[in-house]
Amino acid sequence: MIDYLREENIDENLIRQVKVYRKKNKAYENRRIRKPQYKFYGKEVLEEALAALLAGKNLLLTGAKATGKNVLAENLAYIFNRPVYNVSMHVNTDAASLVGADTFKDGEVVFRKGPIYKAAEEGGFAILDEINMAKNEAISVLHASLDYRKIIDLAGYDQIEIDPNTRFIGTMNYGYIGTRELNEALASRFMIIHVPSITYENLDKLLRDTFPRLKQKYRKAFIDLFESLRLKSENNEISSRSVDLRGLIGAIETMEIGLSPYKALQIGLVNKSFDDFERELILDTLRSKFPEDIEESIFDE
Ligand SMILES: Nc1ncnc2c1ncn2[C@@H]1O[C@H](COP(=O)(O)OP(=O)(O)OP(=O)(O)O)[C@@H](O)[C@H]1O
Ligand SMILES: [Mg+2]
C-alpha cells in the first residue's frame, strides 16, 4: 500500500505519518480488512483525504457519478489498515438499522448490533454511502458520534464510547434526479472533499492497469471517445448520462468476453441515454471513433 502511495507521488511527510499510524495501531486479524479491487487515481484528493483522516476527522466525499468515491473510501480504509463497514443509506434507513436494536433470540430479548455500533467498537471505517438519501431523523443519532463527543447515544441504552480509530466516510452524489441536499448540522461534522472526474493522464493509467492486454491504440481511442462525450456534456449538447466511466470499464470487460467494441460501447455508454434524439448524437460520436466492424483483435494475444 505504501508503494501505491509512492507511485501516486504522495507527499513524503504524509506517507511517513501514515506509517507511524499503522505502527502505533497494530493490525489484527479481521476479515473486513480487504485489499480493494481498484486503486484510486488522483494525488490531490488522496493527499487531502489522508491529512484529514490523520487529523482524526470524518470525511464527506461529494462529486458526480462514477468519479471513484467508493473506490477512494475503500482504498483509504486499506491504507489505514482498518476494517470496513459499508452502509447504504436510503429513505427508510432508521437509527435502529444503523446502530442496532433489540430483537428476540431463543425467546429472549437481545441487542443486535448494527454496522455503526460494530465499526465504533473495532475502530473501523464506516462508509455511509449516499448519506444525503437518509432522513434527518435517522442521521441525528450519528451527530454525537461525528463530533467531539465520540459517543453513540441511543435512547434507552448506555452510551457507547467510540474507539478513537473509528472514522466515518460519507459519499454523496449530486446531479442524479432525486438526490437531496445535506443538512447543515451534518455537513458541519465532516471535512468535505469534492472528488473531480478523472484526469486524462489518470484515466490512461487506470485503463493500462486494469486492461494490460488492451492495445495502446484502442486505449487511446476509448479515452478519446470518453473525453468527447465529456466535452459535449459540458457544452450542454448532451446530458451527462453517457459520460459514465463505470460504463466504459464495463464495456471493455464485455469486449474481453468477445463482443465487438461498437456493440459493447453501445450497451455500456450509448444506451445510458433514454432519449432517442440524444442517443443518435452519442451514436454519431461513437461512429466517428469506431467503425462497426473492426477486423483485428483490440487485445494483445
Ligand atoms: N479517480 C479514479 N480512480 C480510480 N478509479 C476511478 C476513478 N474515477 C472513477 N473510477 C472508476 O469508476 C468506477 C466507479 O467508481 P465508484 O463506484 O467509486 O464511483 P462513485 O463516485 O462512488 O459513483 P456513484 O456516485 O455513482 O456512486 C470504478 O470502476 C472506478 O474504478
Ligand atoms: Mg458510489
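This report describes the overall build of a predicted model, the site of ligand 1, and the surroundings of one loop residue, N183.

**Overall build**

The chain holds 301 residues, of which 47% are buried. Its secondary structure consists of 14 helices and 9 strands. Measured out along the principal axes, the C-alpha trace extends over about 65 × 45 × 40 Å.

**The site of ligand 1**

Ligand 1 takes up the space of the largest pocket. Around ligand 1 there are 19 residues, and those that come nearest are A66, K69, N70, N173 and R246. By class, the shell is made up of 10 nonpolar, 4 polar and 5 charged residues. Two helices, α4 (69-79) and α12 (245-257), each contribute at least two residues to this shell.

Three of the nearest residues, A66, N173 and R246, place a polar atom by an oxygen atom of the ligand, as tabulated here. For A66 the atom belongs to the backbone, while N173 uses its side chain, and so does R246.

| Residue | Polar atom in the residue | Atom in ligand 1 | Distance |
|---|---|---|---|
| A66 | backbone | oxygen | 2.9 Å |
| N173 | side chain | oxygen | 2.7 Å |
| R246 | side chain | oxygen | 2.8 Å |

On its own, ligand 1 has 640 Å² of accessible area, and the protein covers 93% of that area.

The strand β8 (167-173) gives a link to the next part of the model: N173 falls within its residue range, and the loop that runs from β8 to α9 (184-187) contains N183.

**N183 and its contacts**

Is N183 buried or partly exposed? Its relative accessible area is 23%; buried would require under 20%, so N183 counts as partly exposed.

The side chain of N183 has two polar partners described here. One is the side chain of N136, with a contact of 2.9 Å between the two. The other is the backbone nitrogen of L186, which the N183 side chain reaches at 3.1 Å. L186 lies within the residue range of α9 (184-187), the helix on the far end of the loop that holds N183.

How far apart are N183 and D106 in sequence and in space? They are separated by 77 residues along the chain, and their C-alpha atoms are 41 Å apart.

**In brief**

Ligand 1 occupies the largest pocket, with polar side-chain atoms of N173 and R246 and a polar backbone atom of A66 by its oxygen atoms. N183, in the loop between β8 and α9, has side-chain contacts to N136 and to the backbone of L186.

Notes: Residues numbered from 1 in each chain as written. Chains lettered and ligands numbered in written order. Predicted model: local features only at pLDDT ≥ 70, side-chain atom pairs only at ≥ 80, totals over all residues. Heavy atoms only, no water. Near = heavy atom within 4 Å. Polar contact = N/O pair within 3.5 Å; in protein donor to acceptor, adjacent residues only side chain to side chain. Areas by Shrake-Rupley, 256 points an atom, 1.4 Å probe, with all protein chains shown as cover. 1 Å grid on protein atoms, 1.4 Å probe; cavity = no way out; pocket = protein on both sides within 12 Å on 5 of 7 lines; lining within 4 Å. Sits in = over half its atoms within 2 Å of the grid points. Helix = DSSP H or I, 4+ residues; strand = E, 2+ residues; numbered from the N terminus. Nonpolar A, V, L, I, M, F, W, Y, C, P; charged D, E, K, R; others polar. Buried < 20%, exposed > 50% of the residue type's maximum accessible area, 1.4 Å probe, protein only.
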